[in-house]
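These are my notebook entries from a session of looking things up in one structure. I begin with a single acidic residue and then move on to rings and charges.

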Amino acid sequence: FIGEVGVGKSTAISFLYGLLDPTSPPSDLRERVVLETGGGHTTLCEVNIRRGPGFGIVVQAQSDEEMRNLVGDFCAATWLRRSGGDGQKNDSVNVSEEVQRALRNMSGLTVRRERDAKGKTNSRDQAAELASQCATEEEFRARVIERMKLELRTRREIWIEEGGAKAAMQQLRKLFRDINNGRLGDVPMPASIDLLIPGFGSEVPGLAVSAVDTKGLDEVAVRADLDARLKDPRTHVVLCSTFNQAPSTSVQLLLDHLRNAHGVRVDAGKVSVLALPRDDEAMAVKDDSGEPPIDDEDGYHLKRDQILRTLASGDGDLNGVPILFFNAKKDDAAKVRGQLIEQIVRLRKSYEERLLDECAAADEVVRHHETQAFTS
């Protein structure tokens, strides 16, 4: 699942695959989902939900060099703010909000909000306060690393052994949030997080299907981690947009990238577009005569036509892309999940047909090897 920051990928994945805390209030979507959600810049790294022998979380840690770079950028940006440095230079060394939040929690240098006697809220940046106590940026960086106690962060696996599935989901929800925000003192900064669920993806017999929640796109460029997923022959790519913006600029860019850079047919099960409506957005769509839809399904039909027209008007025909819709509050998760499984089966079928064609061509060469040798 790939999409811009804040489109609702994590919420959609949680509802599509039943990653829900049954003890939370049904009316509060953010409190129900196991994957952490928010207003954007929430998911720290790639999250892979896959089948496991039990309920648990496995963390793939950032390398020592990557950690040094992240801490170095965070400290450099903080030091520049302390010294009133150039704003443009400050932006060039800053880290994302998700990573900054995790680093602050790991080092205990959070921004504390306090109320004064008059009830006014004031913020104290503890990282800036520590920087003001240091003579050099190098000293500041060393003290931040010391506070993080990286040598103690050796725990890579956490397993939930008791309580049943309902209690396990509740514990997974809390554990995931703690890891995603850098709040566990013995867990390192993750490069990726594996969420293990017994029986996950078992709808497709004989296949091990996983769902990958990627870090939100906040720029136009195609990131290396996303490009690896785009060209992986075993990955079906779900490009997510908000309902009103679908297909977003980033979705159109990625579709063009798939076709032009990787030579992928967009109608062969490799990719689909998932529009994520909220509240009654589907009922606000108008047809060409200005009439509203009669229900959400009719609104989806009208929006699908609009999306296909937009895709067809670009520099190439993208008309064959499957267009799906999912409102976590209203729609049947099993139906949409089934549509995604259909695309996985379709993707495998396209490779099967290609292999059979290549086998037939090879067989033709073998049967007529003398003629082939003469003509070549």
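Entry one, an aspartate. I looked up aspartate 213 and found its place in strand β8, residues 211-213; helices (H or I, at least four residues) and strands (E, at least two) are DSSP runs, numbered from the N terminus. I note that this is a predicted model, in which local features need pLDDT of at least 70 and side-chain atom pairs count only at pLDDT 80 or more, while totals for chains, interfaces and linings use all residues. Residues are numbered from 1 along each chain as its sequence is written, and side-chain values use heavy atoms, with hydrogens and water left out.

Which side chain of opposite charge is nearest to aspartate 213? I found lysine 9, 4.5 Å away, and aspartate 213 is buried yet has no salt bridge. Here buried means under 20% relative accessible area, exposed over 50% and partly exposed in between (1.4 Å probe, protein chains only); Lys and Arg count as positive and Asp and Glu as negative, with His and the chain ends not counted; and a salt bridge is a side-chain nitrogen of Lys or Arg within 4 Å of a carboxyl oxygen of Asp or Glu. The side chain of aspartate 213 does make a polar contact with the side chain of serine 10, at 2.6 Å (a pair of N or O atoms within 3.5 Å; within protein, one must be able to donate a hydrogen and the other to accept it, and residues adjacent in sequence count only if both atoms are side-chain atoms). Leaving out residues up to four places away in sequence, I listed what aspartate 213 touches, including Phe1, Ile13, Leu35 and Cys45, where contact means heavy atoms within 4.5 Å.

Entry two, aromatic rings. I counted six aromatic pairs in the structure; rings of Phe, Tyr and Trp (its six-membered ring) pair if their centres lie within 6.5 Å, and planes under 30 degrees apart count as stacked, over 60 as edge-to-face and the rest as tilted. Tyrosine 17 and phenylalanine 200 form a tilted pair, because their ring centres are 5.2 Å apart and their planes stand at 45°. This pair links distant parts of the chain, 183 residues apart, with tyrosine 17 in the loop between α1 (9-16) and α2 (29-32) and phenylalanine 200 in the loop between β7 (190-197) and β8. Phenylalanine 200 has a relative accessible area of 6%, so I recorded it as buried.

I then turned to tyrosine 300 and phenylalanine 325, a stacked pair with 4.7 Å from centre to centre and 5° between the planes. Tyrosine 300 lies in helix α11 (residues 296-312) and phenylalanine 325 in strand β11 (residues 323-325), 25 residues apart, and both are buried. I also noted that ring pairs link Phe1, Tyr17 and Phe200 into a cluster.

Entry three, salt bridges. I obtained a count of 24 salt bridges. Glutamate 129 is bridged to arginine 124, with the closest N and O atoms 2.9 Å apart; glutamate 129 is partly exposed at 30% relative accessibility, and arginine 124 is partly exposed at 28%. Arginine 183 pairs with aspartate 178 at 3.0 Å between the closest N and O atoms, and here arginine 183 is partly exposed at 46% whereas aspartate 178 is buried at 9%.
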